[in-house]
Amino acid sequence: MDETFRCYACGTTATGTDRQRCPCGEPFWMDTEPAGFDWPTDGDCSMWRYRDLLPDVTPSGLGSAAGGTPLVRTTRLDESVGAEVHVKYEGGNPTGTFKDRGSAVGVAAAVATARDAVATVSHGNMARSMAAHAASEGLDCLVFVPADIPKERLTLIDRYGPTVLRVEGAYGDLYDESLGLEDDHSVTVVNSDSPLRVAGQKTTGLEILASFAPEAPDAIVVPVSSGGHASGIWKGIEELLAAGAISERPRLFFVQAAGCAPIAEAWGRGDETVTPITPDETVAYSIANPDPPSGNRVLAAAQATDGGVLAVDDEAILGARRTLAEQSGLFVESACATVLAGAGRLADRGDFAADDDVVLVATGSGFTEREHEAPTVTAPTVSLDALDSAVAERIG
Ligand SMILES: [Zn+2]
């Protein structure tokens with residue numbers, strides 16, 4: 001595979017394999033020629049249904065099962081958002097998060113270029129996803145984690161048998177350091193905003209838009225951390241517009257946790273670049289990135305789509321997580337409950353009309369997340385003899 005890469009910021013192009021960043025410092029994304037694209041009609045239910053807009057790789061194993069997640073019309077959430085709410089449930093992916101879309105492309109590319117291994121800098125969902133997809137293809141998977149990683153998170157990653165290296169020193173610097181490994185070793189590095197990953201994660205946007213085409217939803221609300229997923233969704237929208245497959249551009253809103261919100265803070269100041277911060281603790285640790293590598297690209301996406309970036313606090317996030325479970329039946333991780341909390345804020349300030357279609361991207365299942373609250377669950381005990389009357393008391 002020999003692909004063309006383009007810088008979203010300055011337009012510089014490059015060719016080859018595994019190109020990551022433009023000389024200007026911004027991330028490349030993979031250039032796709034959308035002309036001639038039409039909505040597919042074949043029976044493939046996975047993300048590979050959009051292979052015409054994906055890198056020239058052939059998926060197999062777990063990768064062929066990525067994507068194709070449900071878009072659920074969640075009428076009971078309409079009141080809290082003040083619009084017609086749809087939830088794109090990424091928990092339907094093989095390892096329970098949207099990360100599988102990017103891992104599927106990254107691992108398939110490593111196979112296509114005969115690499116022995118893949119690698120990623122992650123201590124959460126992406127690490128698990130990469131390890132799973134590599135295991136399925138018989139590739140080694142190197143996972144670089146912080147030296148002080150909590151044991152329960154290490155356990156979740158280790159299930160798939162990767163080689164985990166605890167790395168001492170500044171974890172933020174490791175991201176750039178890891179990219180150089182491709183030059184000297186038979187490895188494909190698939191970090192959070194790598195072009196291969198962003199290309200795969202573009203399919204979240206394509207799938208959402210397919211449900212509304214040739215119209216588009218009024219807004220899509222996405223949690224944001226490194227900015228890789230946000231970048232992919234934006235790229236997908238622009239390609240569909242260029243192909244004439246949709247008639248209008250949905251507004252893109254991105255949500256962070258207030259404890260670690262460098263992109264939202266930059267947006268609030270009207271800046272075009274993100275300044276790294278020293279973060280506070282947040283329950284939404286999956287999206288707590290104090291120095292997001294695609295942060296500037298997220299600002300550009302919000303600007304280009306007449307959207308925005310905002311932050312919500314932990315109390316709102318935990319409340320939204322509960323509301324999502326109790327009013328839509330979807331149990332999500334705290335990081336993606338930010339979208340419901342954020343949508344409520346947007347509604348309060350008048351961003352949505354009652355008949356607007358608003359899509360909340362629930363990026364991952366909550367089943368692998370440790371509980372934040374102490375257990376406070378109480379349930380009455382009844383004897384077998386009293387069962388009938390207990391039910392009568394509750395539902396008549
Ligand atoms: Zn550039």
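Two strands are taken to pair if DSSP finds at least two bridges between them. With that criterion, this report describes strand 13 and the residue Ser328 in a predicted model.

**Strand 13 and its partners**

In strand 13, Val359 is the bridge partner of Ile220. Strand 10, covering residues 219-223, is joined to strand 13 by three bridges, and the two run parallel. On strand 5, which spans residues 84-89, six bridges lead to strand 13, again in a parallel arrangement. Within that pairing, Asp357 of strand 13 has Glu84 standing opposite.

Strand 13 itself comprises residues 357-362 and is mostly covered, with six of its six residues buried. Its side chains point in two directions: Asp357, Val359 and Val361 point one way, whereas Val358, Leu360 and Ala362 point the other way. Residues on both sides are buried. Val359, the bridge partner of Ile220, thus points the way of Asp357, which stands opposite Glu84.

**Surroundings of Ser328**

Ser328 belongs to helix 11, which runs over residues 314-328. The side chain of Ser328 takes part in two polar contacts with backbone atoms, listed below.

| Side chain | Backbone atom | Distance |
|---|---|---|
| Ser328 | oxygen of Leu324 | 2.5 Å |
| Ser328 | nitrogen of Leu330 | 3.3 Å |

Which residues does Ser328 contact when its neighbours within four places in sequence are left aside? They are Thr74, Leu77 and Thr323.

Terms used
Residues numbered from 1 in each chain as written. Predicted model: local features only at pLDDT ≥ 70, side-chain atom pairs only at ≥ 80, totals over all residues. Heavy atoms only, no water. Buried < 20%, exposed > 50% of the residue type's maximum accessible area, 1.4 Å probe, protein only. Helix = DSSP H or I, 4+ residues; strand = E, 2+ residues; numbered from the N terminus. Polar contact = N/O pair within 3.5 Å; in protein donor to acceptor, adjacent residues only side chain to side chain. Contact = heavy atoms within 4.5 Å.
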